[in-house]
Structure formats: C-alpha cells, structure tokens
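Reader: I am new to this structure and should be grateful for a close look at one part of it. Please explain each term as it arises, and then set that part beside some others.

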Amino acid sequence: MFKFLSSDPVHNPTTSSMADTEVKTTTCYMCACRCGIRVHLRDGQVRYIDGNPDHPLNKGVICAKGSSGIMKQVSPARLTQPLLRKPGSERGEGLFEPISWERAFEILEKRLSHLRTTDPKKFALFTGRDQMQALTGLFARQFGTPNYAAHGGFCSVNMAAGMIYSVGGSFWEFGGPDLDYAKLFVMIGTAEDHHSNPMKMALGKFKRAGGRFISINPVCTGYSAIADEWIPIRPGTDGALFMALLHELIAHDLVDRPFLQRFTNAPQLVMLDEGEREGLFAFDPAAGVAGDGRNPHNKLAWDLTSGRAVQAYPEGVEEGRSLALEGHYTLPAGTRVAPAFQLLRERVSQHTPEWAEAITGIPAERIRQLAREMGETALHQAFELPIPWTDAWGKQHPTIQARPVAFHAMRGLAAHSNGFQTVRSLAVLMSLLGTIDAPGGFRHKAPYPRHIVPNYLAFNDPDMIKPNTPLNAAPLGFPASPEELAVHADGTPLRIDHAFSWEHPLSAHGLMHNVITNAVRGDPYKIDTLLIFMANMAWNSTMNTMEVRKKLNARGEDGEYRIPFLVVCDAFQSETVAYADLVLPDTTYLERHDVMSMLDRPISEFDGPVDSVRVPVVEPTGECKPFQEVLIELASRLKFPAFTNEDGSRKFKDYPDFVVNFQAQPGVGFLMGWRGKDGTQHLRGEPNPNQWEMYAKNNCVFQHHMPKDQQYMRNWNRPYLDFAKEKGWRQKNDPVQLAIYSDTLQTFRLAAQGKSKGRQPPDHLRERIATYFDPLPFWYEPLENACVDTQQFPLAAITQRPMAMYHSWDSQNSWLRQIHSHNYLHVNPVTAKAAGVEDGGWAWVTSAWGELRCMVRHSDAVEPGTVWTWNAIGKASGAWQLAPGADESRKGFLLNHLITEELPFAGGQISNSDPVTGQAGWYDVRVNLRPAHPEEPAESFPQLDAVPSVPGLLRSGRRFMTHILSKKP
Ligand code: SF4
C-alpha cells in the first residue's frame, strides 16, 4: 500500500517487468487531430499512452493532452448510467434518477416514433465535436427531419465554405501547407488546435531547413513565438490586409498569369450590361445551358490572338491562344464584357497599403514588403519537380511547377461575421500566386478537391417532410443558387436553425448556435424533442450563456417547457447535463469503435487517402454505451429503411456491423482498406466481414499512396480526376477551375436586386443579400461594429484554445487542470494601464450585451486594441465534478457571457453570424475594461449555485491513483 511521506519508492524500475503489459493500438481523441496511439494496459487498466511510431499522421509524436487520456478514462465526472430527470424537479437543478437502457430506449422509441409518424421536423438532432457526421446525418435523413447539424457552424464553416467555394478544398483535414517544398510560410489566425502534432512536426522540419515563417495574429501565440516574425493585426481585419496584398501583387504584376489563364476563371468574360444576366459569365448556348456554377464548360474568354471570343474550354486552352486577363470587350451581339481578372483589378485598385494600415494597424510599408516577399518567392524562387503529368484537356506537362509560398489559416479568420469574404480573399490571393495544389503551396487531401460548387445539394423541399419518410436529400450540403435554398414559397426558413435560408444561404454546416433560441421562440415552428450530443450548450458552446440557460428552462403559457423534451448524450457531467430530461452516458474514445471515414472526415495525407479507426482497448465503464450504438439501436427500432431488411428485421447487429456492411454506393463504404470478401481489395470493393480485424492488425489505419503524377494539380489532373470518380469520391471527372470570380454568389445578388426571374428574398433581406453576396472578395467591418458604440467599447475580445486542453472536456482531467485551472484576461500593458487595471488585478469587462469580472494579466504578446483569454476553462460551480470552490469556477471565467447570439436587424433580431454562411461571429465582440473595486469579492462574476452530483458518477480518479501507487512492480 502506498504510504504518504513514506521513504519506500513508489515504483522500483529495477524490478519492473513488462511481461504483463499488453499494448493495443488505436486513435487518439483528446483533440480532433487524431494521432495514432499505443495504449499500455495492465490488469485491464490503462497505465500509459504513447504515440504510435508506425502511424503516418504523427509518427510516434504525442502531446500532453494525448498522454493524459489515461485521466479522462478515470475522471470522477464520468456518467455511468442513463438518467431521467426526477418528476417535479426543474431543469437546471440537476436532480435525476437512474434508469435502465431498456427504459431509456422505450422512452425514446415511443416519443420519436410518434414524431416520425406525425411531424418528423419536430425532432432535432444537433451534435457537437463528433467525428461521425456520415452516421448522424444519415440518421436525421432517415428519420425525415431537416433539423440536423454538427458543430461546424459555430466552429469554422467560413474557412471550409470560403475555400471550397473558391478553390474546391480547405485547410486542415481537407488540405494544407506543403512545408516540405515551401520557402515562405505565412500562418494567419491560427492557434495550436487543429492539426496540432503534424503541423508542429512539419514546422520543425521546415525551420531546420531554413524556411521563413511569418505569423499574422492579434496574439503572439505559441506558433507566433517560434516564427521568424510576428505581425500583430486587429481582429476582423485580415480581409483588408488580403485586399491590400492583392492590390500590390496586381500592381507589380507579381501574379502567375499562365496559371490564371489555364486553371482559373480569371479570363472568363463577365457580362456588364444591366439585366437578368448582369455579372454572370457570358456563355455559348450551343455548348450547354447557362449553368449554376456547377457547369464550367461553356463560358467564353477573349482570345487576343484571334481578336474574338472563344469558348474558355477547350478552345481557350488550345496551343496558340492568348486569353485576355484585362480589358473590356464587346461580344458580336453587342454585350459588353470584361474578364473576371479585370474586375478584380478594378476592385482592389483603391485598396492601397495605406487604406489597409488604417484598418489593420499594420504599417503600409510592411504590407508592401509582405506582398513583395510573397510574390517574389512564388514567382522568382520557383522551381519544377521532374514529374510529367496530364491535365484535364489532355495537355502533357513535362514537369510540375512549384510555387513555394504556403499559407495556413483557421478560426481567427473564420469566426467573424465577415469571415466568408475574408477567406475568399485569401483563396483568391493564393490563386493569383499559382500556389494551389502545387509543390510548396497549398495541397489538397483526398477526397478533395470538390467541385465548385460541390455536387451535394442540401435538402430543400418542404413537400418532402412527410410522416415515416426519409428525406430525399441529406440535410446539409452546398447550395449553388437561390433555387437550392431550404425555404418555403414565401421565403421563410424550412429549418429550425434557419440554415440555407435567405438569412444565411450558404450555411453548409448549419447554425447550432441558434437552435435553442429559435426553438424557444417557435421560429419558424415549435419542435418537440432536441437531442444534443457532445455539445455543452448550457455553457461554453453557446453565446449569451446565462440567457440561453434560462431559455432551456422557459415555459409557454400552457406551463409546458418550450422545448418539451431535451436529451443530452455526453461522457461527462457537463453544465448541460443538469438541463436534460434524459441523459445518455457515452463512452470515451478508448472504449468504442469509431471511423475517420472518407465519407466524412478522414485523415488523408497530401500523397493519398488515409482513413483510420478506433477500436475499444478497454471495456465500457459502468453502463456507458457509445452514441453510435444508440443511433443504430434507435434506427433499427424505428425501422428506418436503410436499417431494416425487407422482412422487417434489423439489418445491422451493431455499429461495427453497420460500418462494415453499409454502402453509400456499390463497393463504397465507411472504410476503404481491406475490402472485398477476402480483404484483398482497397478503396472500393465488397464488404469484408473481417475488416475491423484487419485495421486492428495494421495500427488502426489504412493509407494509399497515389502515383507521383496524381499527387499535384488535382483540380485539373486527368488521371487523378478519373481515378477519384472511379473510387466514388467525386460524381464527375470535370476539372475544378478556381473561382476568382463567383457567379454563384452573383446569382443570389441578382435575386436580391430583383433582376432574376426565380426565387427572391423577402424584402427585409434584399439589401443584406445584395451587399454580402458580392462575386468578388471584399472587406467589411464585422457586423457588431454597426450595432454598438465602438468608442464606448474600443477593444476587440477574442479567445484561443489552450494548447493543453481541447474544448471543455479537459477541465476534469486531473493532470491537465494542473496546467490551467483558471484563466486570465491578457491585456497589453499600455491598454491595461490606461484603464487603471493592475497586473494580476481584478477587472470588469463589459460589452453591449453583458459584463463579467475576471483577473487580468499584462502581456506584451497581444496588440493594444485586443484582449484575449483561453476558452472553456471557466466552469459553472459543481459541474464536471469540480469542487464548488475550485479555481475553474471561482477564478476562471467564460468570455461567452459577453457575446450575443443575435444582433438587432430590421426591427427584429438576426443571428450574430456571417450573413453568407451563418458562421457564429464569436470574435466580433467589442468590450471595455475597468478595475474592480478593492472591496469586491476576489472571484469571477457571474457565479452560480453549485449543481449537485448526478447519480452514478465514476468518482474513482482518486481510488485509481491509489490503486496504481499501491501496486508493487
Ligand atoms: S495532437 Fe491531439 S490527437 Fe494528437 S496526441 Fe495530441 S491530443 Fe491526441
């Protein structure tokens, strides 16, 4: 037995034997990076976790979070049994009684069956940071409800949509910087979260090889600290910087003209005459219909050699053509036209570095130098790789052109209400430098690139919401025109979150942050059951936290809750659990099967597709059940067609069986490795009953290396496009021309201007759509600035994720909370002194929407107009099994209290989100600062009454440590 203060060694390595240690491989989920890990077990208990050296993603590297998974496993906050709210208790009181899984399923089956046979849209499924959206989306679709989304709308949908609508792919899982060949690497708005270990490994190698690294961020993040240069920038102004860089690159002709002519829509002719097709591309009707952005084949370009308009493809790419990028022309029918690039040139002509300096705070001369550095590196330090390849029009290129300027950007750009156009301006900047899927630049990861616009229509037909009927399309997708919006004939939203409506037309990931507010208001209709998985909607996953907590408890005039039934599935006692009517205890990532699938979010590398799995390395704790199993069980009980045999029996025994046997198309399933009955086929093939075993034997990962000639220029690479279509990753093998100019956006603008014949927005949204659906990138102030007095609230307030924690999960991790048990507001000393706030002192931070009290640290590592803090460390008292007096709730704080989920608009309210995509505007909030009075309590505000422990919590962390320490080797 371990004795406190004893001189006996806790562990004697000389007598230690590894003989009884079992090592199993699986995939980490302490963050979304998904590194391969080895879990070392003794007596069935996890004793140690290290990185798997044989895993292609992390090659054995592990971070502090990853190795602390052992403490997540034994967290005292773990839920272990299904719970039903005690009759007569209020939501939020946290009073529950344990029930069996059978009882939980009976309750759900009865309720959901009634909804499905009466009005399926009254069921809403919203999931947080899950990695199985292919299953959760399928469940909603089979149920027949459009009310489904995952967390992307409040995370980084601007990054995904802004890039995908421009270059066909995006950062992180979908693509990234090729630091093996880059010479200059520019990182913008990125903290150490997404793509953590691989990015750090690549950066180390890049710097050792002499690469130059510039980080642009309001905060000198950990990445900025190792950069050759940190360029501070004001939050929400990155788009202005990109516009000025475009101005400089074009003014000094530092653009890749041959690339623009062949591989982008820069030479395509935009019609300038007012009318129905104003601002759309001129086209040759003999070569096909006008198209909606998904039809690139019949556009016209101006050939300077012959002095006439020609079809951009294939005529325009014939030998001897010289497509105009500049100028104004007249078509034979008298239509005035100009190449898209000409319009971009005109757009950025006023966006001088001086203009951007006033907005961004970056000196004009530095912006000039930056543009020069980017342009000269891309064009003058370029080189070629001796890899012959064939483009989509059959031209054989003897080499691949490298453009050694790489960019990486994430949430710092995305989480603003101007994020979509900001990300588009970055994508256009990268395109002008020719650094798309080129060595040293941005490179795609399979199954990307997608079409621009991707061939995935979101469900949008009100008549198809019918009892007992699956939807005829997936709930999420990528609209290409107003006709594809999810609205009724009068323009009102079809979905509870208003996604794909005129309020946020391209909301590819939904708007989870508005579900509760809209549902409580009954806008556009009332729902009955809200099922939330892995999202802490009563705390750090929501804006306006205190009000949203009240809304979860709001009752109608009939005395019933406005959201009648709230189901929460989580592994831990988060703040949201207290509000649930029914709690479903989830497993940890070490206790379940998971897939990182090509149908969803794989872990592909630049040189080919990679998918991976998790396999259980320990038994589920208590009565915990993986959420996947819950969905398979419910889908089977509710007899969804895709889950039921013709004789009415269930099709899939359990989740692993579903993964192996479900086919999205013939031969295409969740996993691409070891397919075919005998496991000898890869990528595509019949289901293999032993597929899980093959993954388990092979480090839980499958990697396919494509031939060298298919690894680059994949937007236009003929063999790659054919291969990707054959393997089911794409519906067509068309090339993906980069959208310097977005005719898709223009179709929405024409509708808003009343110029087109089809669907038009309601009058109160016309100006909004006409303004923000600009076919060319532009910068505008974050929307909050127009609603608040920026003199009164002069500071921008932002958050970043602590490098030792991911989301709110790690507050209960007894190792990680020793690194961060509470947070501070970091303020530049000049700003803090001007406000009279001392280093380490307490201060009030006020926005137009709320106020909080917190501790302040003076820090030179933040630009003077910005204050920032770590996200999701502050906790509600008693949640996560933290003692009511724990630092997390007494000293920690949550910036969300200052952020509104809605802004005033047209006499009412509208989501505090990007008007194009619905991305939550987390980083738009403006605040001021004042010192707290010395007699005020030295604790953060607001404080909440501690919630009680729910029944059945694991609470074994201490026991586990005692157990480990008492074991003699
Ligand atoms: S980077 Fe993320 S996935 Fe990788 S080891 Fe760390 S926590 Fe795990």
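**Strand pairing and its surroundings**

Author: Opposite T846 stands E851, a residue of β32. The model is predicted: local features need pLDDT of at least 70, side-chain atom pairs count only at pLDDT 80 or more, and totals for chains, interfaces and linings use all residues. Residues are numbered from 1 along each chain as its sequence is written, and side-chain values use heavy atoms, without hydrogens and water. Helices (H or I, at least four residues) and strands (E, at least two) are DSSP runs, numbered from the N terminus.

Strand β31 (residues 842-847) pairs with β32 in the antiparallel sense over five bridges; two strands pair if DSSP finds at least two bridges between them. A hairpin of three residues links β31 to β32. Strand β32 (residues 851-858) also pairs with strand β30 (residues 825-827), here in the parallel sense and over three bridges. In that region, V827 has H858 of β32 as its bridge partner. Strands of a sheet pair through backbone hydrogen bonds, either parallel or antiparallel.

Another part offers an open sheet of three strands, in the order β12-β16-β15 and with antiparallel pairing. Because β12 (269-271) and β15 (329-330) are at the edges and each has a single partner strand, one side of each lacks a neighbour in the sheet. Between β12 and strand β16 (residues 336-339) there are three bridges, in the antiparallel sense, and L269 stands opposite P339 in β16. Helix α10 (residues 340-348) lies across β12 and β16, at about 80 degrees to β16. Such angles run from 0 to 180 degrees between N-to-C directions, the axes being lines fitted to C-alpha atoms, for helices over the stretch in contact; contact means heavy atoms within 4.5 Å.

Two helices may be considered next. Helix α21 (residues 743-752) packs with helix α22 (residues 763-772) at an angle of about 150 degrees, their axes 8 Å apart. Therefore α21 is roughly antiparallel to α22, a description kept for angles over 145 degrees. F748, R749, A751 and A752 of α21 make the contact with R766, I769, A770 and T771 of α22. These residues divide into five nonpolar, one polar and two charged. In this scheme Ala, Val, Leu, Ile, Met, Phe, Trp, Tyr, Cys and Pro count as nonpolar, Asp, Glu, Lys and Arg as charged, and the others, Gly among them, as polar.

Terms used. Angles under 35 degrees count as roughly parallel, over 145 as roughly antiparallel, 65 to 115 as roughly perpendicular and the rest as oblique.
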